[in-house]
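Biologist: Could you pick one part of this model and take me through it closely? I'm in my first year, so please explain the terms as you go.

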Amino acid sequence: MTRLVLAALHLIALGIGLGAVWARSRSLGGSVGPAEARRALTADAWWGAAAALWLVTGLWRLFGETEKPSAYYFDNHVFLAKLGLFALVVILEISPMLALMRWRKALARGETPSFAEARRISAISVVEAVLVIAIVAAAVAMARGFGASSPA
């Protein structure tokens with residue numbers, strides 16, 4: 001039962017995250033004022049929650065060996081590519097995360113922050129959405145046996 005719940009939560013996190021990062025991009029792609037920033041911050045909160053759920057369930061599945069032994073995954077070049085794509089998303093997210101944290105603080109103080117970074121955050125969000133889709137493609141390939149050096 002645990003493996004079913006973890007797998008379902010992992011997939012749900014992917015769906016929530018993809019929708020959230022896309023919504024964040026759309027909120028920041030045009031003229032940005034406090035209303036658009038608040039929508040982007042709401043989407044960003046969902047993106048963060050999804051990323052946390054995605055990471056926790058993924059690590060649990062990997063190191064808890066709920067599906068296959070950990071060695072199976074670390075010997076799978078598609079899995080390693082998937083990890084690399086995830087790492088790229090994390091690296092790309094550092095700058096938007098810091099900027100949006102500044103926006104949250106300013107808005108909480110009743111100030112209007114500079115939205116000069118909005119278009120850049122929007123563009124990064126689109127790239128992250130594409131990377132999430134690539135991660136899903138890698139997961140689908142793995143589920144069909146691609147990248148495995150030996151069956152588990």
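Modeller: Let's take helix 4 and start with its length. At 1.5 Å a residue, its 32 residues should span 46 Å, and its end C-alpha atoms are 45 Å apart, so the two values agree. That expected span is 1.5 Å times one less than the number of residues. Helices here are DSSP runs of H or I with at least four residues, strands are runs of E with at least two, and both are numbered from the N terminus. Bear in mind that this is a predicted model, in which local features need pLDDT of at least 70 and side-chain atom pairs count only at pLDDT 80 or more, while totals for chains, interfaces and linings use all residues. Residues are numbered from 1 along each chain as its sequence is written, and side-chain values use heavy atoms, with hydrogens and water left out.

Helix 4 has a bend, too. At E93 helix 4 bends by about 35°, and a proline, P96, follows within four residues. The bend is the angle between axes fitted to the seven residues ending at a residue and the seven starting there.

Which residues of helix 4 are buried? They are V78, F79, K82, F86, V89, E93, P96, A99, L100, W103, A106 and L107. Buried means under 20% relative accessible area, exposed means over 50%, and partly exposed is in between, using a 1.4 Å probe and protein chains only. So E93, where helix 4 bends, is on the buried list, and so is P96. What covers these buried residues includes helix 1, helix 2, helix 3 and helix 5.

Just before helix 4 sits N76, in the loop between helix 3 and helix 4. N76 counts as buried because its relative accessible area is 0%. Leaving aside neighbours within four places in sequence, N76 is in contact (heavy atoms within 4.5 Å) with M142, F146, G147 and A148. Take G147: N76 and G147 are 71 residues apart in sequence, yet 4.8 Å apart in space, C-alpha to C-alpha.

Now look at helix 1, one of the parts covering helix 4. Helix 1 covers residues 2-28, and its 27 residues should span 39 Å; its end C-alpha atoms are 39 Å apart, which agrees. Among its buried residues are L6, H10, L14, V21 and R24. The buried residues of helix 1 pack against helix 2, helix 4 and helix 5.

Helix 1 also has a side you can see from outside. L9 belongs to helix 1, and L9 is partly exposed because its relative accessible area is 32%. L9 joins M1, L4, V5, I12, I16 and W46 in a nonpolar surface patch of about 710 Å², and helix 1 gives the most to that patch, with five residues. Patch members have over 30% relative accessible area and no salt bridge; like charges are joined within 9 Å, and nonpolar side chains (Val, Leu, Ile, Met, Phe, Trp, Tyr) within 5 Å. The areas come from the Shrake-Rupley method with a 1.4 Å probe, and for residues only the protein chains shown count as cover.

Next, charges. Side chains of opposite charge can pair when their charged atoms come close. A salt bridge here is a side-chain nitrogen of Lys or Arg within 4 Å of a carboxyl oxygen of Asp or Glu, and the structure holds nine of them. In one of them, R24 pairs with E128, with the closest N and O atoms 2.9 Å apart. R24 lies in helix 1 and E128 in helix 5, so the pair ties together parts that are 104 residues apart in sequence. R24 and E128 are both buried. Another salt bridge joins E111 and R109, at 3.1 Å from N to O. There, E111 is partly exposed because its relative accessibility is 39%, whereas R109 counts as exposed because its value is 53%. Salt bridges that share partners join R24, D44, E93, R104 and E128 into one network. That brings us back to E93, the residue at the bend of helix 4.

Finally, step back to the chain. It has five helices and zero strands. Of its 152 residues, 38% are buried. Among contacts with a separation of 6 or more, 77% join residues 24 or more positions apart. The C-alpha trace spans about 55 × 25 × 20 Å along its principal axes.
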